[in-house]
Amino acid sequence: KAVEACFQVLDDGESIATSRAGALRVLQSIHDRAVTEGLIARLAQDTDADHRAGLITALCRLHFVDGP
């Protein structure tokens with residue numbers, strides 16, 4: 001359920017920067033195909049440079065898997 005809530009924050013045009021940052025921080029720790037695809041889809045649609053930077057950072061973080 002956290003994924004859906006985080007995507008709602010990202011999709012809300014009125015969400016504040018700290019809320020977006022928190023949602024992205026949660027998403028970047030969930031190694032799931034749906035998260036990756038959702039971030040990529042939002043990256044393709046968003047034109048705001050700050051928003052895109054956050055999405056790219058989350059995707060880069062998902063590229064790697066934490067050790068034990």
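**Note on helix packing and charged side chains**

1. Helix 1 and helix 3 pack with their axes 11 Å apart, at an angle of about 5°. That angle makes the two helices roughly parallel, since anything under 35 degrees counts as such. Helix 1 contributes Val 3, Phe 7, Leu 10 and Asp 11 to the contact, and helix 3 contributes Ala 34, Val 35, Gly 38, Leu 39 and Arg 42. The model is a predicted one, and the points below should be read with that in mind.

2. Two salt bridges turn up in a search of the whole structure. One of them pairs Arg 42 with Asp 11, with 2.8 Å between the closest N and O atoms. Arg 42 belongs to helix 3 and Asp 11 to helix 1 (residues 2-11), so this pair ties together parts that lie 31 residues apart in sequence. Both residues are also listed in the contact between helix 1 and helix 3. Arg 42 counts as buried, because its relative accessibility is 18% and the limit for that class is under 20%.

3. A salt bridge also joins the side chains of Glu 37 and Arg 33, at 2.7 Å from N to O. Here the partners sit four residues apart in helix 3, a separation of about one helical turn. The pair also registers as a polar contact between side chains, again at 2.7 Å. As for solvent, Glu 37 is partly exposed, with a relative accessible area of 43%, while Arg 33 is exposed, at 65%. Glu 37 is 22 residues from Ser 15 in sequence, and their C-alpha atoms are 21 Å apart in space.

4. What is the salt-bridge status of Asp 46, given that this residue is buried? Asp 46 has none: the nearest side chain of opposite charge is that of Arg 20, 4.1 Å away. The cut-off matters here, because a salt bridge requires the nitrogen and the carboxyl oxygen to be within 4 Å. Asp 46 is located in the loop between helix 3 (33-45) and helix 4 (49-63). Its side chain does make a polar contact of 3.1 Å with the side chain of His 51. Not counting residues up to four places away in sequence, Asp 46 touches Arg 20, His 51, Arg 52 and Leu 55. Arg 20 is therefore in contact with Asp 46 without meeting the salt-bridge criterion, which is set at 4 Å.

5. Gln 28 is another loop residue, placed between helix 2 (17-27) and helix 3. With a relative accessible area of 17%, Gln 28 is buried. Neighbours within four places in sequence aside, Gln 28 is in contact with Thr 57, Ala 58, Arg 61 and Leu 62. Those four positions fall in helix 4, whose range is 49-63.

6. Cys 6 is part of helix 1 and is buried, at 8% relative accessibility. Beyond four places in sequence, its contacts are Ala 23, Val 26 and Leu 27. These contacts lie within helix 2, which spans 17-27. Cys 6 and Gln 28 are 22 residues apart along the chain, with 11 Å between their C-alpha atoms.

7. To sum up the charged residues: Arg 42 and Asp 11 form a salt bridge, as do Glu 37 and Arg 33. Asp 46 is buried and takes part in no salt bridge, but has a side-chain polar contact with His 51.

Note on methods:
Residues are numbered from 1 along each chain as its sequence is written. This is a predicted model: local features need pLDDT of at least 70, side-chain atom pairs count only at pLDDT 80 or more; totals for chains, interfaces and linings use all residues. Side-chain values use heavy atoms; hydrogens and water are left out. Buried means under 20% relative accessible area, exposed over 50%, partly exposed in between (1.4 Å probe, protein chains only). Lys and Arg count as positive and Asp and Glu as negative; His and the chain ends are not counted. A polar contact is a pair of N or O atoms within 3.5 Å; within protein, one must be able to donate a hydrogen and the other to accept it, and residues adjacent in sequence count only if both atoms are side-chain atoms. Contact means heavy atoms within 4.5 Å. Axes are lines fitted to C-alpha atoms, for helices over the stretch in contact, and angles run from 0 to 180 degrees between N-to-C directions. Angles under 35 degrees count as roughly parallel, over 145 as roughly antiparallel, 65 to 115 as roughly perpendicular and the rest as oblique.
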